[in-house]
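User: Could you take me on a close look at the aromatic rings in this structure, and at what lies around them? I am new to this, so please explain as you go.

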Amino acid sequence: MASISARRLSKELTEIKNEGCPVGINLVKADDFSTWLFTIEVMGESLYQGEKYTLQFRFDSSYPISSPAVQFVVGDGHTSPVHPHVYSNGHICASILGNEWSPVLSVVAVCVTLQSMLASCKKKERPPDNDRYVRNAPDNPKKTRFHYDDDTV
Amino acid sequence: MSSDYEISDDDENYYDYDEDMIDGTQDEEEEDGDMYMDTYGDDFKVAPKNKRKPYEIEYESLSQAAVEKLMQEDVEHICGIFGVDGSTAALLLRHMSWNKERLIEKYMDNPSKVLVDAGVTVKEPSSPSAPVRSHSSSNSNSNANNGRRPTRSTSKLIGLASGSKSPKIPTVSPPALRPSKPTRPTPFVCPICFDDSPDLKPLSLDCEHSFCSGCWTAYVSSKINDEAEHCIRCMAEGCALVTPDPFIRALLLVEPTEPVGEPSLQKENVATWARFQELLVRHFVASNPNLKYCPYPSCTNTVSCPGAASKASLATVVPIVSCGRRGFGITEEMSQSQPVGMGLAAKEHKFCFGCPIESDHRPVVCNVAKMWLKKCRDDSETANWIKSNTKECPQCQSTIEKNGGCNHMTCKKCKHDFCWVCMGPWAEHGTAWYSCNRFDEKGSVEARDAQSRSRASLERYLHYYNRWANHEQSAKLSVELYTKTEKKMEDMQITSALTWIEVQFMKKAVEEVEKCRTTLKWTYAMAYYLARGNEKELFEDNQRDLEKAVEDLSELLEQPIEAENIPTLRQKVTDKTVYVQKRNDIVLEDTAMGFLEGRWKWNVAVEGFDEPEKVEF
Ligand SMILES: [Zn+2]
Ligand SMILES: [Zn+2]
Ligand SMILES: [Zn+2]
Ligand SMILES: [Zn+2]
Ligand SMILES: [Zn+2]
Ligand SMILES: [Zn+2]
């Protein structure tokens, strides 16, 4: 009997394979139930037109009861989008990945949320505390307690 | 509480101290006029313990059960007024941080809004088709101000994505996410774990977001254990309903009629339920300025101290309290049934009600104590060398190691007697003009240029820091030395005719020394910030007398112990202990009175006090 996280992820994977991802989101790698990679593009008119980013999901056995660790891949030709909630090391400050995570949310739902976060951006800039955060940031963004005070940006 | 120690009024002057004196209020009960009987001459008269001393604050220690009872009273009060059940009243009170008055006011004004805000009821549907927001419904705006997500531009798009714009999105939330209770057309599939076995137990709150009991338990446990969260919302995305206590209880505790599950899991769930109870108590305590949770690890007691609840009170009192327990992880019964050693296991849970310092910082007030600790942290490198346990003999330069609490050092090589702290000859320390504790300010007054001023200011700081650190160190060394002696004393009890109580005098003396060195330590923090003048000089006179008495007693404690000299030693140590206790009382009492009278003036700005007339340093 597989663990809940494995069963849940295999179910999500089957659905992705059967029905495909939403427009602008593509599955790159899902060889196991610990790390998945997606590419993400913003469709239509936006500040990020023509740009493509890679999103990494890391799961542990507590998924989906607790959130996956999600970040943009940085290095090896990848960069993180310049956005007020995205740090230059790829970490993302989004309440949905923290205290507002719900176990009914899925990997694709997270991708779509982040895609829309980029789509609605009005100004390309880093978070004001970017340098300080990046210097001290833990490897796993889940270890950071972000303050989600201005999600409206 | 200093009254854990008394002199009996019969001729056998043994010590009688209460291990089980657990709260300051007990003092009142012990009216005892006999204590005034002057059996010991002037020096040995101990203040009667029937009155709280000016340096003691009135407080009460509460067990977790006692705090739960207070919570229950509030809950019942609200039940009576609002006509709601207990678990609803509890959610409402927690939502309002246990501010009953505000809750009643708000509830009378708009009960349905308060119930929705507290996560008790689902928000009134704006249209019948959308009773609750879930990410598969398209009108997610309707709940945008449900309190959980004040700002949400992002989740809206999940709805859009799974709606008309991206028809290809997989439905991770099958229809079973919002089952309607009376008719469930398809067999239940848990939308989290995708289990569909027929014996699955779907559970939901009033919002009817159903999930299997296994997922609920895992979720609730994760919130309680990993996030220390007592306010646990429904698992559906964006749903603001809060799980009431009976729901959590049913998940974690097996009813007697139910089949018992896997024992290890069962045990884990019981621990999670206990942790949940503790989180609720902690939240209640944190919401009430009259209460403070004991900071000692794994202790669940609370102290109630209304006299130190306001910030303003902290300029006149030093609210040192004790939760009533001792040791780490040991039960009260264990610590009371038999005498415990001097180590950490026996330590009373003493802490300050007014600030985060987890030890006794009398006689100095919280704000000054905090300032001093910050200064020590900031200057730690400069002062580190002082803590070293070896110094050179001022006469022959051979290396001397300090291994006891006494400051009187005798060089093994040249027999020179000197003071460990000021390195001056020890002979002078016994005389009236002894001033090891006082800093000679002349040097700093005369300093003209910036460089010599800064050197003078460092020297001044080091003078106080040196003595501060030394008392801390000496207290530790005395206790260490005693643990070696203790064994010997116990052996003597077996080989000689001495009774258990007769060999306790050393332990009592060491405890007193440790206590007085703590006082002395903080008097140096206080003196560092005291403005110069008569008051400071009187303070330093009292400090010097206590220090002298403590050093004398420390020296006695380091004498070699032999069975035949025990009676004499015991008499000497006992007399000195009483004297030291009296000196300690004088320092604590006079300083406390000074705060009540507004007598102490500082050389820096201190919160809660008048600005200093002129900043000297
Ligand atoms: Zn489930
Ligand atoms: Zn719900
Ligand atoms: Zn305690
Ligand atoms: Zn304090
Ligand atoms: Zn010498
Ligand atoms: Zn000295």
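Analyst: Let's begin with a term we will need: helices and strands are DSSP runs numbered from the N terminus, a helix having at least four residues and a strand at least two. Please keep in mind that this is a predicted model.

With that numbering we can place a residue such as B:Pro363, found in the loop between β9 (348-352) and α10 (366-378) of chain B. The peptide bond leading from B:Arg362 into B:Pro363 is cis, with omega near 10°. Chain A has a cis bond too, joining A:Tyr63 and A:Pro64 with omega about 0°. A:Pro64 sits in the loop between β3 and β4 (69-72) of that chain. Most peptide bonds are trans, and most residues other than glycine have a negative phi.

Now to the rings. A pair of aromatic rings is described by the distance of the centres and the angle of the planes. Over all chains, the structure holds 26 aromatic pairs. One of them joins A:Phe38 and A:Phe57 edge-to-face, with 5.5 Å from centre to centre and 70° between the planes. A:Phe38 belongs to strand β2 (residues 35-41) and A:Phe57 to strand β3 (residues 52-58), both in chain A, so this pair ties together parts that are 19 residues apart in sequence. Both A:Phe38 and A:Phe57 are buried.

In chain B, B:Tyr528 and B:Tyr529 also pair edge-to-face, at 4.9 Å centre to centre and with 85° between the planes. These two tyrosines, B:Tyr528 and B:Tyr529, are both buried. They belong to a cluster linked by ring pairs, whose other members are B:Trp372, B:Tyr461, B:Tyr464, B:Tyr465, B:Trp468 and B:Trp522.

Charged side chains meet this cluster as well. B:Arg460 lies over the face of B:Tyr528, 4.7 Å from the ring centre. B:Lys521 does likewise over the face of B:Trp468, at 4.8 Å from the ring centre.

What does the chain around this cluster look like? Chain B has 16 helices and 13 strands. Of its 617 residues, 50% are buried. Among contacts in chain B with a separation of 6 or more, 63% are between residues 24 or more positions apart. The chain exposes about 29900 Å², and carbon and sulfur atoms supply 52% of that area.

Out in the loops, two residues of chain B have a positive phi without being glycine. B:Ser298, with phi near 55°, is in the loop between β6 (291-293) and β7 (302-304). B:Ser298 counts as exposed because its relative accessibility is 65%. B:Lys415 has a phi of about 65° and lies in the loop between β12 (408-410) and β13 (417-419). With a relative accessible area of 57%, B:Lys415 is exposed too.

Finally, what links can we find besides ring pairs? A disulfide is a covalent bond between the sulfur atoms of two cysteines. A search of the whole structure finds 0 disulfides. For B:Cys79, the closest cysteine sulfur is in B:Cys231, 18 Å away, which is too far for a bond. A polar reach does run from chain A to chain B: the side chain of A:Arg7 comes to 2.9 Å from the backbone oxygen of B:Cys193. A:Arg7 itself lies in helix α1 (residues 4-19) of chain A.

Notes: Residues are numbered from 1 along each chain as its sequence is written. Chains are lettered from A and ligands numbered from 1 in the order in which they are written. This is a predicted model: local features need pLDDT of at least 70, side-chain atom pairs count only at pLDDT 80 or more; totals for chains, interfaces and linings use all residues. Side-chain values use heavy atoms; hydrogens and water are left out. Rings of Phe, Tyr and Trp (its six-membered ring) pair if their centres lie within 6.5 Å; planes under 30 degrees apart count as stacked, over 60 as edge-to-face and the rest as tilted. Buried means under 20% relative accessible area, exposed over 50%, partly exposed in between (1.4 Å probe, protein chains only). A charge sits over a ring if NZ of Lys or CZ of Arg is within 6 Å of the ring centre and within 35 degrees of the ring normal. A polar contact is a pair of N or O atoms within 3.5 Å; within protein, one must be able to donate a hydrogen and the other to accept it, and residues adjacent in sequence count only if both atoms are side-chain atoms. A disulfide is a pair of cysteine sulfur atoms within 2.5 Å. Contact means heavy atoms within 4.5 Å. Accessible areas come from the Shrake-Rupley method with a 1.4 Å probe; for residues, only the protein chains shown count as cover.
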